Amino acid sequence: MQNIQQNIARVRDSIRRACQACGRNPEEVQLLLATKTVPAASIRIAIEAGERLIGENKVQELRDKDAALQGLPVERHFIGHLQSNKIKDVLKYATCIQSIDRLSIAEQLHKRLEAENRTIDIYVQVNTSEESSKFGIPPEEALPFILALQHFNTLRLKGLMTIGLLDADPEYRRPSLRKLRLVRNQLLREGIAGPLGLSMGMSGDMEMAIEEGATLVRIGTAVFGNRVPGKEVWNESGAQH
Ligand SMILES: *Cc1c(COP(=O)(O)O)cnc(C)c1O
């Protein structure tokens with residue numbers, strides 16, 4: 001349990017050092033704790049250690065842990081694959097959806113948000129590694145996709161998200177992380193309003209992601225330890241990566 005605090009300190013230190021190494025200000029990089037399968041009691045320890053941002057992959061987990069986190073100063077992002085039958089619930093708990101990759105989902109979110117007279121932050125998920133099993137829109141479709149999203153003025157575009165290539169050799173991941181930055185730069189050149197953040201980098205490739213421009217890293221294992229094998233379902237649909 002006390003390990004969680006030490007792990008957080010270690011991760012924060014790595015972020016600082018990675019930023020220094022490439023001349024970036026550590027304040028440009030937000031830390032999101034990826035808490036899939038992590039019990040509320042452990043999340044509470046992280047919050048007590050000063051963390052303020054968590055991300056869940058399943059709406060079910062957002063809902064299940066909600067009561068135990070009531071009143072705590074924590075913001076929740078949704079980082080998994082969003083199914084349309086979960087839209088109503090995800091809007092109850094999350095302040096940001098990082099995994100927008102279909103216009104149909106965007107439209108349904110917009111309709112509900114309009115009815116509720118409010119907005120939500122989003123990231124567009126880009127598939128930068130060209131693995132067919134992965135969610136996210138292809139890089140070359142990012143511009144038309146984001147132009148189409150502009151019809152939905154309840155969705156506030158904060159940036160792009162990618163999961164990167166989950167290869168044993170982290171150097172193979174660099175091109176997919178870099179790709180997200182290049183896509184972002186292109187969008188800005190085409191006149192999409194910035195700033196646009198880059199949500200990328202996990203326990204295995206955090207430093208590299210920071211070098212490539214990450215503004216938000218999503219860290220699970222390095223803080224909470226290994227997840228129970230077999231229970232590691234990344235997405236609502238049950239899809240594994
Ligand atoms: C689990 C998860 C992470 C964190 O992965 P770790 O390797 O445990 O740090 C980041 N992003 C997403 C979308 C995840 O599902």
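**Exercise 1. The ligand and its shell**

A polar side-chain atom of Arg218 lies 2.8 Å from a nitrogen atom of the ligand in this predicted model. Work out which other polar side-chain atoms sit by ligand oxygen atoms, and how much of the ligand's area the protein buries.

*Solution.*
- Start with Ser203: one of its polar side-chain atoms is 2.5 Å from a ligand oxygen atom.
- Go on to Thr221, where a polar side-chain atom is likewise 2.5 Å from an oxygen atom of the ligand.
- Now the area: on its own the ligand would expose 390 Å², and the protein buries 95% of that.
- Next, the full shell: 12 residues surround the ligand, with Lys36, Asn57, Ser203, Thr221 and Arg227 the closest.
- Sort that shell by type and you get five nonpolar, four polar and three charged residues.

**Exercise 2. Strand 8 and its partner**

Arg218 also belongs to a strand, so to speak of its surroundings we need strand 8 (residues 216–219). Are the faces of strand 8 covered or open, and in which sense does the strand pair with strand 1?

*Solution.*
- Take one side of strand 8: Leu216 and Arg218 are buried there.
- Flip to the other side, and Val217 and Ile219 are buried too, leaving both faces covered.
- For the pairing, strand 1 (residues 30–34) runs parallel to strand 8, over four bridges.
- To set the register, place Leu32 opposite Arg218.
- Then match Leu33 with its bridge partner Ile219.

**Exercise 3. The other pairing of strand 1**

How many bridges link strand 1 to strand 2, and why can strand 1 be called largely enclosed?

*Solution.*
- Count the bridges: strand 1 and strand 2 pair over two, again in the parallel sense.
- One of the matches to look for is Ala34 with Gly55, its bridge partner in strand 2.
- Now check burial along strand 1: four of its five residues are buried, so the rest of the structure largely encloses the strand.

**Exercise 4. From helix 2 to a buried glutamate**

Find the buried residues of helix 2 (residues 40–48), then walk on to Glu51: is this glutamate buried or exposed?

*Solution.*
- In helix 2, pick out Ala40, Ser42, Ile43, Ile45, Ala46 and Ile47 as buried.
- Past the helix comes Gly50, with a positive phi near 110 degrees.
- Glu51 sits in the loop that connects helix 2 to strand 2 (53–56).
- Its relative accessible area is 3%, so Glu51 counts as buried.
- Then ask what Glu51 meets: its side chain makes a polar contact of 2.8 Å with that of Arg12.
- Beyond four places in sequence, Glu51 has contacts with Ile8, Arg12, Leu31, Leu33, Ala46 and Pro73. Leu33 should look familiar from its bridge to Ile219.

**Exercise 5. Two acidic residues**

Classify Asp66 and Glu75 by accessibility, then list what each touches away from its sequence neighbours.

*Solution.*
- Asp66 is part of helix 3 (residues 59–69).
- With 14% relative accessibility, it falls under the 20% cut-off, so Asp66 is buried.
- Leaving out residues up to four places away, Asp66 touches Arg76 and Tyr93.
- Glu75 is in strand 3 (residues 75–78).
- Its 33% relative accessibility makes Glu75 partly exposed.
- With the same sequence neighbours left out, Glu75 touches Arg52, Leu53, Ile54 and Thr95.
- Within the side chains, a polar contact of 3.3 Å links Glu75 to His77.
- Lastly, go 21 residues along the chain to Cys96: its C-alpha atom is 8.8 Å from that of Glu75.

**Exercise 6. Backbone oddities**

Where is the cis peptide bond, and what are the phi values of Thr37 and Asn117?

*Solution.*
- Look at Gly194 and Pro195: a cis peptide bond joins them, with omega about -5 degrees.
- Pro195 is in the loop between helix 7 (174–189) and strand 7 (197–199).
- Thr37, not a glycine, has a positive phi near 70 degrees.
- Find Thr37 in the loop between strand 1 and helix 2; at a relative accessible area of 27%, it is partly exposed.
- Asn117 is another non-glycine with positive phi, about 55 degrees.
- Asn117 lies in the loop between helix 5 (103–116) and strand 5 (120–125), and its 70% relative accessibility makes it exposed.

Technical notes. Residues are numbered from 1 along each chain as its sequence is written. This is a predicted model: local features need pLDDT of at least 70, side-chain atom pairs count only at pLDDT 80 or more; totals for chains, interfaces and linings use all residues. Side-chain values use heavy atoms; hydrogens and water are left out. Buried means under 20% relative accessible area, exposed over 50%, partly exposed in between (1.4 Å probe, protein chains only). Two strands pair if DSSP finds at least two bridges between them. Contact means heavy atoms within 4.5 Å. A polar contact is a pair of N or O atoms within 3.5 Å; within protein, one must be able to donate a hydrogen and the other to accept it, and residues adjacent in sequence count only if both atoms are side-chain atoms. A residue is near a molecule or strand if one of its heavy atoms lies within 4 Å of it. Accessible areas come from the Shrake-Rupley method with a 1.4 Å probe; for residues, only the protein chains shown count as cover. Ala, Val, Leu, Ile, Met, Phe, Trp, Tyr, Cys and Pro count as nonpolar, Asp, Glu, Lys and Arg as charged, and the others, Gly among them, as polar.
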